[in-house]
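User: I am new to this structure and would like to be guided through its surface patches, ring pairs and salt bridges. Please show it before the questions begin.

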Amino acid sequence: MRKAVRIITEIITWLLIAVLALFLVYSVYCRIKGESVRLFGIQADVVQSGSMEPTLYKYDLVFAKKVTEDEIQTGDILVFKRDGTKYVHRLISCDNGVYVTQGDANNISDEPITYADIEGKVVKTWAKVGVAVQFFQSIYGIILIVAVILAVVCFKRLVGILRKDKGANGSSKRNNHEET
């Protein structure tokens with residue numbers, strides 16, 4: 001039974017390491033391309049200003065889902081990109097494919113955008129989690145993730161070596177004791 005638990009634990013550990021490593025590579029790839037991390041059709045972005053207060057605050061994490069033009073309605077909070085800058089603002093009007101957005105805390109509306117500029121509609125938010133997300137996307141966060149992966153691998157190897165060594169010492173003591 002212990003051996004089965006050990007094998008299952010080993011498999012789960014290596015799967016987690018593999019998933020973490022793949023996510024790290026994917027995150028770095030997205031960062032290099034200037035894109036959001038997108039998994040299962042949902043992208044995550046960090047609010048960078050107070051333009052949506054009190055609905056959203058700086059460093060809130062928003063999850064946006066790509067939607068069709070028919071699914072977008074006035075009042076929706078959209079993630080869109082204009083001139084290389086990403087925004088998270090509310091749709092205040094739409095007319096013949098021209099979308100006008102505005103931050104809840106702003107006095108004036110944004111320049112109009114088109115559907116092609118819209119990356120998604122916000123479907124979920126996590127308050128202040130963006131601080132951690134930004135850290136793990138930074139060079140220091142990436143170094144930390146790599147260090148954790150290496151530490152886990154080294155720890156697993158060390159435990160394996162100690163178990164083998166303990167097993168070898170235990171069996172030789174038994175054999176010596178039995179001979180006398």
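The questions and answers below take up these topics in turn.

User: What kind of model is this, and what pLDDT do side-chain atom pairs need to count?

Analyst: Residues are numbered from 1 along each chain as its sequence is written, and side-chain values use heavy atoms, with hydrogens and water left out. This is a predicted model in which local features need pLDDT of at least 70, totals for chains, interfaces and linings use all residues, and side-chain atom pairs count only at pLDDT 80 or more.

User: Which helix gives the most to the positive patch on the surface?

Analyst: The patch gathers Arg2, Lys3, Arg6 and Arg163. A patch is made of residues with over 30% relative accessible area and no salt bridge, where like charges are joined within 9 Å and nonpolar side chains (Val, Leu, Ile, Met, Phe, Trp, Tyr) within 5 Å. Lys and Arg count as positive and Asp and Glu as negative, while His and the chain ends are not counted. Three residues of the positive patch come from the helix that gives the most, H1 (residues 2-33).

User: Is arginine 163 buried, partly exposed or exposed, and why?

Analyst: Arginine 163 sits in helix H3 (residues 139-179); helices (H or I, at least four residues) and strands (E, at least two) are DSSP runs, numbered from the N terminus. Buried means under 20% relative accessible area, exposed means over 50%, and partly exposed lies in between (1.4 Å probe, protein chains only). Because its relative accessibility is 47%, arginine 163 counts as partly exposed.

User: Which element gives the largest share of the nonpolar patch?

Analyst: The nonpolar patch is formed by Phe135, Phe136, Ile139, Tyr140, Ile143, Leu144 and Val148, with about 690 Å² of accessible area together. Two or more residues each come from helix H2 (130-137) and from H3. The largest share is five residues, and the element that gives it is H3.

User: How far apart in space are phenylalanine 136 and leucine 158?

Analyst: Phenylalanine 136 belongs to helix H2 and is partly exposed, with a relative accessible area of 37%. In sequence, phenylalanine 136 and leucine 158 are 22 residues apart, and their C-alpha to C-alpha distance in space is 27 Å.

User: How are the rings of phenylalanine 63 and tryptophan 126 arranged?

Analyst: Rings of Phe, Tyr and Trp (its six-membered ring) pair if their centres lie within 6.5 Å; planes under 30 degrees apart count as stacked, over 60 as edge-to-face and the rest as tilted. The count by this rule is two aromatic pairs. For phenylalanine 63 and tryptophan 126, the centres are 5.1 Å apart and the planes stand at 75°, an arrangement that is edge-to-face.

User: How many residues apart are phenylalanine 63 and tryptophan 126?

Analyst: Phenylalanine 63 counts as buried at 17% relative accessibility, whereas tryptophan 126 counts as partly exposed at 44%. The pair links distant parts of the chain, with phenylalanine 63 in strand S3 (residues 61-65), tryptophan 126 in strand S7 (residues 118-126), and a separation of 63 residues.

User: Why do phenylalanine 80 and tyrosine 87 count as they do, stacked or edge-to-face?

Analyst: Phenylalanine 80 is buried, with a relative accessible area of 0%, while tyrosine 87 counts as partly exposed at 24%. Because the ring centres lie 5.3 Å apart and the planes are at 20°, the pair of phenylalanine 80 and tyrosine 87 is stacked.

User: How many residues apart in sequence are the parts that lysine 156 and glutamate 10 tie together?

Analyst: A salt bridge is a side-chain nitrogen of Lys or Arg within 4 Å of a carboxyl oxygen of Asp or Glu, and the structure holds five salt bridges. The side chains of lysine 156 and glutamate 10 form one at 2.8 Å, N to O. Since lysine 156 lies in helix H3 and glutamate 10 in helix H1, the parts tied together are 146 residues apart.

User: Which residues are joined into one network by salt bridges that share partners?

Analyst: Glutamate 119 and lysine 86 meet in a salt bridge at 3.0 Å, N to O. Glutamate 119 lies in strand S7 and lysine 86 in strand S5 (residues 85-95), so the pair ties together parts 33 residues apart in sequence. Glutamate 119 counts as buried at 17% relative accessibility, and lysine 86 as partly exposed at 26%. The residues joined into one network are Asp45, Lys86 and Glu119.

Key. Areas by Shrake-Rupley, 256 points an atom, 1.4 Å probe, with all protein chains shown as cover. Charge placed at Lys NZ, Arg CZ, Asp CG, Glu CD.
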